[in-house]
Amino acid sequence: MLTSVSFQTRARTIDHLGREQIADCPTAISELWKNAYDAYARNVELHIFDGEIEVAALIDDGHGMSRLEFEEKWLTIGTESKTSGFEINDNDRDGLKYRAKQGQKGIGRLSSAALGSLLLIISKRKDNNYVAALIDWRLFENPFMFLQDIRIPIVDFESCHELTDVLPNLFDQMMGNVWGGGDGDDEGRDSRLTKAWQMFSEQEEQEGKEKLTKDEIVNTLISDAFGERHFDKWPLWQQNVGQGTAMFISNINDDLRHQLSKKPIQDADGPETVARERFFQTLSNFTDPFSAANEPQAANFCNSVTVWHGPFSRVLIDDVREFDLKNLEGLEHIIEGEVDSDGYFNGKVKAFGVWHEDYTVKPKVSYKTRKDSAFGSFHIRLGTFELQVGSTSLSDVMHSAFVQQAEKYAGFRVYRDGLRVMPYGRVDSDYFEVEYRRSKHAGRYFWANRRMFGRIAITREDNPNLKDKAGREGFIENRASKLFREIVENILQDVADRYLGTKSENRKENITDIKEKKDQLKAEEDRKKLQAEERKRIRNSIKNNIDSLESHTRELEGIRATFISRIELNDLKELQELKKQVDAFVDKTRRYSLSPIPANLGRLEDDYRAYRKQELLAKDYVNELSILVNKAISDSSEKSLVEKAEEVYRSKLASLNSGITQYARDGKEMLAKQHEEFNELVKQCRDQYKLATQEYLEDLKLERISLNDVLNKLDEEQEKLEIENKQKLSPYVTALSRINEQIDLEGLAIHSMNETIKYREEINRLHALAQLGITVEIIGHEIEGLDMTITRGLKTIANGVLSPSQEQAYQNVLGAQQSLSDKWRFLSPLKLSGEKVNRKITGQDIYQYILKYFSQLFSGLNVTFTATNAFLKMSIVEQSSRIYPVFVNIVNNAQYWVQKNESNQKLITLDLKNQYVIVADTGPGVDRDDLEQLFTLFFTRKQRGGRGIGLYLCRQNLMAGGHKIRYETQDENKILPGANFVIEFKGLRHD
């Protein structure tokens with residue numbers, strides 16, 4: 001007999017589609033946040049409350065639902081509201097721009113079951129009543145119940161204050177799913193429910209479950225689960241907004257409960273640490289932090305997580321970006337560009353801090369795809385840094401900061417229309433097989449997930465075939481996703497081979513340069529340290545010895561007369577005793593010496609001069625006494641010359657031996673101390689590798705980490721510690737080797753330091769002198785004009801009839817004018833250095849200064865000088881003498897060259913574009929062959945009057961303040977067709 005039957009759906013189907021389907025708790029939260037985004041919410045918040053019954057509240061200010069919508073859409077699985085043809089009307093968007101739909105399958109709402117067992121959902125649409133429903137997800141765990149037998153209690157009400165009255169009724173209605181009883185529309189429902197719960201309880205008892213699911217549901221205390229403390233966090237409850245949806249969950253998931261912990265994450269136990277780290281990794285970068293203004297973003301959408309301990313709150317996640325596009329741009333290695341629909345990458349690469357433009361990566365093969373297998377175009381922006389300090393082009397401070405930030409924010413993510421695609425970017429996700437390749441050869445396969453920052457940006461429109469799995473464990477494995485992954489892997493490998501990995505010649509060259517720079521920086525740090533130590537030594541010596549030195553000087557001055565009277569006795573024995581005393585005074589005076597002295601004492605200069613005056617006075621006194629005693633001994637006739645010399649020799653030898661004994665005692669103490677410290681340092685170096693790696697071995701035993709990860713960590717730690725050990729131990733060996741060669745390291749270091757300071761001061765003086773010349777030279781153009789005006793006026797006066805007194809006055813003025821002209825021409829090569837006080841300098845200040853400076857010149861030459869509003873509103877904090885001469889030089893060059901333009905257009909403008917200041921003109925510009933030497937000293941193309949030091953000093957002046965200048969060569973970036981000089985000011989602001 002042929003018959004037709006329908007599918008029968010068990011209640012457990014909902015549990016399969018919801019709680020069991022979703023990957024984990026934070027992924028479930030992300031799905032609910034996406035639902036809020038689809039509802040055009042501006043804010044979605046998760047609050048986790050402590051208490052006897054812990055509660056989570058997920059609230060938003062989206063368009064909400066009416067009762068009809070809740071019944072026909074929220075409670076209907078796989079609704080059409082998530083299909084591409086469904087659009088939200090303008091009124092529900094509340095003034096927001098169109099948002100691409102994030103939900104796909106219409107089951108994302110069921111992920112709320114993964115947060116906890118009891119759900120109270122409340123929603124309100126504008127101009128509609130509140131609607132509330134109570135769901136215990138444990139009902140759907142019963143495998144013997146049919147889905148149609150479960151009834152969800154729903155109620156609507158006008159005021160939020162009515163909830164406390166209707167909530168018990170909701171609970172009673174929900175409990176009807178356990179003990180039966182209904183509205184009489186299905187007579188067999190009660191018996192089916194009774195039988196289903198009886199069979200489920202028997203099954204749980206056989207499985208050894210301590211507490212039956214039915215009993216857990218029945219013993220729920222609804223009055224204790226939800227209260228005003230939880231509802232108050234919803235802006236709708238406070239009447240701050242007119243619509244929204246809130247989910248209040250009790251019996252919360254362990255992952256949510258772990259977030260309430262007050263322990264530092266490093267002190268938590270294993271499961272809690274993993275839960276808290278995964279929670280943060282998943283939700284802290286829910287919206288794309290790495291997109292520029294012109295790229296897809298989830299605009300006007302903020303998400304946050306807050307935990308509550310009584311009345312006190314702690315924010316776990318908010319919309320403040322601790323690592324965003326600005327931070328990523330500071331990395332030393334970056335890939336940035338577009339991949340087209342054929343798989344070609346076009347963009348640029350930054351390697352060791354240097355950008356390489358117009359970079360292209362071809363796909364491995366020519367891909368042939370249909371509409372249903374096309375991967376689509378996408379954007380990639382990815383950055384990383386060298387792990388080893390000795391190989392990085394970053395400063396030590398920046399490198400240390402990136403290492404710390406990598407612990408929390410590293411990851412290679414994927415974002416669709418600005419929202420994150422799970423689980424990409426988490427430590428347990430290696431979708432692009434970065435770590436798999438790295439385990440084969442860490443040097444060549446350069447990229448590592450734990451120090452990568454960035455993302456791939458896709459859109460639903462351009463990449464419709466990149467679809468999420470139902471449980472959000474990544475993309476569905478289809479041809480489009482496989483090609484997408486292959487293309488990204490190809491780009492990563494190509495960049496590594498050409499620029500970053502051990503196979504790259506670029507890497508070898510850069511590493512060599514970096515190590516040289518690091519050595520220079522280390523030497524500079526050592527120089528500064530030595531200089532500081534020397535200043536400290538001198539400061540302490542002056543402080544500790546000045547009183548003693550002054551007393552010693554007064555003593556020498558006081559005993560001078562006594563010595564003379566004793567010398568006059570002409571007793572040889574007495575003279576020998578006086579000679580010993582003088583030698584003791586000489587030795588004591590010598591010990592007051594502060595030599596060697598650093599070239600630049602700074603604020604110690606005055607104190608040193610006063611001390612030095614006393615020291616020299618003491619030396620004069622002992623020299624005088626020594627001369628007197630030596631002469632008296634020489635004139636004495638009691639002993640032979642040899643005997644006299646031998647007496648002095650023995651005295652000197654005793655004094656020298658006493659000094660050697662003191663040095664020997666101090667040296668042995670220092671050697672013993674250094675020997676002990678060196679042994680301790682060697683022990684630390686030996687133990688360091690064990691301490692750094694034993695944790696990884698322990699994690700491997702507990703299966704928390706893979707073997708490949710452990711091997712990579714062992715390699716990285718070895719490489720890092722080899723460099724550190726060399727830096728720690730090598731100075732000892734080198735120093736001892738130089739001592740064996742009898743090289744005075746201290747004297748050599750101080751001499752080198754003094755020479756360096758001396759030459760630096762010479763360079764500074766040279767710059768100051770050249771600056772003086774440039775300034776005077778430019779002013780000279782105006783003064784020469786004034787000089788010519790005076791000369792013409794004097795000639796006019798000379799043609800008239802003058803009285804004798806007027807004639808005399810005329811001759812005096814003429815002589816003075818000629819003398820002034822002669823002196824001016826003599827001073828023309830000099831240049832004045834300006835003030836050295838930092839102050840705020842605005843674009844308006846610079847513009848007015850230049851305009852006033854060149855106003856007559858511009859007027860006479862018909863040059864138009866302008867500045868844009870953007871430039872006028874910018875500001876920096878710097879020395880005026882460092883900034884104004886730069887603009888004077890560049891504008892002075894510009895006014896010269898605009899006259900060489902064949903057209904009549906003579907324009908000079910100041911502009912601000914992309915945070916760069918641009919000085920542009922309509923002159924002929926700089927010849928490409930001259931670009932390399934444009935900023936070098938003495939280079940000029942002026943036929944007359946050019947000295948070739950202006951642009952050189954511009955760059956030096958700016959470098960002194962940490963700023964940069966370059967010449968723009970790309971026509972599309974030029975403001976005017978002639979010369980365009982681009983200045984990058986550090987700390988530039990735009991008010």
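Trainee: Is Thr392 buried or exposed?

Mentor: Buried, because its relative accessible area is 1% and anything under 20% gets that label. Keep in mind that this is a predicted model.

Trainee: Okay, and where is Thr392 in the fold?

Mentor: In a loop, the one between β12 (378-384) and α13 (396-409).

Trainee: What does Thr392 touch, leaving out residues up to four places away in sequence?

Mentor: Glu332, Glu386, His399, Ile514 and Lys518. There's also a local link: the Thr392 side chain reaches the backbone nitrogen of Leu394 at 3.0 Å.

Trainee: Glu386 caught my eye. Which side chain does Glu386 share a 2.7 Å polar contact with?

Mentor: That of Arg507. Glu386 is also one of the residues that Thr392 touches.

Trainee: So where does Arg507 sit?

Mentor: In helix α16, which covers residues 505-567.

Trainee: An arginine, though. Buried or exposed?

Mentor: Arg507 is buried, since its relative accessible area is 13% and the cut-off is under 20%. Not counting residues up to four places away in sequence, its contacts include Phe352, Phe446 and Tyr499, along with Leu500, Gly501 and Thr502.

Trainee: Which other arginine of helix α16 should I look at?

Mentor: Try Arg560, which lies in α16 too. Arg560 is partly exposed, with a relative accessible area of 33%.

Trainee: What does Arg560 touch beyond its sequence neighbours?

Mentor: Glu624 and Leu625, once residues up to four places away are set aside. Also look at Val622: Arg560 and Val622 are 62 residues apart in sequence, and their C-alpha atoms are 9.2 Å apart in space.

Trainee: What about long-range contacts over the whole protein?

Mentor: Among contacts with a separation of 6 or more, 73% are between residues 24 or more positions apart.

Trainee: And how many helices and strands are there?

Mentor: 26 helices and 23 strands. The protein has 991 residues, and 44% of them count as buried.

Trainee: Let's do sheets. What is the strand order in the open sheet of seven strands?

Mentor: β11-β10-β9-β12-β15-β13-β14, and the pairing is mixed. At the edges you have β11 (354-361) and β14 (419-420), each pairing on one side only.

Trainee: How do β13 and β15 run, parallel or antiparallel?

Mentor: Parallel, with six bridges joining residues 411-416 of β13 to residues 452-458 of β15. Look for Arg413 there: it stands opposite Arg455 in β15.

Trainee: What comes in the loop between β14 and α14?

Mentor: Pro423, for one, and that loop leads to α14 at 434-440. The peptide bond from Met422 to Pro423 is cis, with omega near 0°.

Trainee: Which residue of the loop between β14 and α14 has a positive phi?

Mentor: Glu433 is one: it lies in that loop, and its phi is near 55°. Glu433 is partly exposed, with a relative accessible area of 32%.

Trainee: Where else is phi near 55° in a residue other than glycine?

Mentor: At Asp94. Asp94 is in the loop between α4 (90-93) and β3 (116-124), and at 31% relative accessibility it counts as partly exposed.

Trainee: Switching to rings. How many aromatic pairs does the structure hold?

Mentor: 41. One of them is Tyr424 with Tyr431, a tilted pair at 4.6 Å centre to centre and 45° between the planes. Tyr424 and Tyr431 are both buried.

Trainee: Which cluster do those two tyrosines belong to?

Mentor: Ring pairs link Tyr424 and Tyr431 with Phe378, Phe412, Phe432, Phe475 and Phe484.

Trainee: Which lysines sit over rings?

Mentor: Lys233 is one, with its charged end over the ring of Trp308, 4.4 Å from the centre. Another is Lys124, which lies over the face of Tyr130 at 5.9 Å from the ring centre.

Trainee: Last topic, cysteines. How many disulfides does the structure hold?

Mentor: Zero. As for individual cysteines, Cys160 counts as buried at 5% relative accessibility, whereas Cys302 is partly exposed with a relative accessible area of 27%.

Note on methods:
Residues numbered from 1 in each chain as written. Predicted model: local features only at pLDDT ≥ 70, side-chain atom pairs only at ≥ 80, totals over all residues. Heavy atoms only, no water. Phe/Tyr/Trp six-rings, centres within 6.5 Å; stacked < 30°, edge-to-face > 60°. Buried < 20%, exposed > 50% of the residue type's maximum accessible area, 1.4 Å probe, protein only. Lys NZ or Arg CZ within 6 Å of the ring centre and 35° of its normal. Disulfide = S-S within 2.5 Å. Pairing = 2+ DSSP bridges. Helix = DSSP H or I, 4+ residues; strand = E, 2+ residues; numbered from the N terminus. Polar contact = N/O pair within 3.5 Å; in protein donor to acceptor, adjacent residues only side chain to side chain. Contact = heavy atoms within 4.5 Å.
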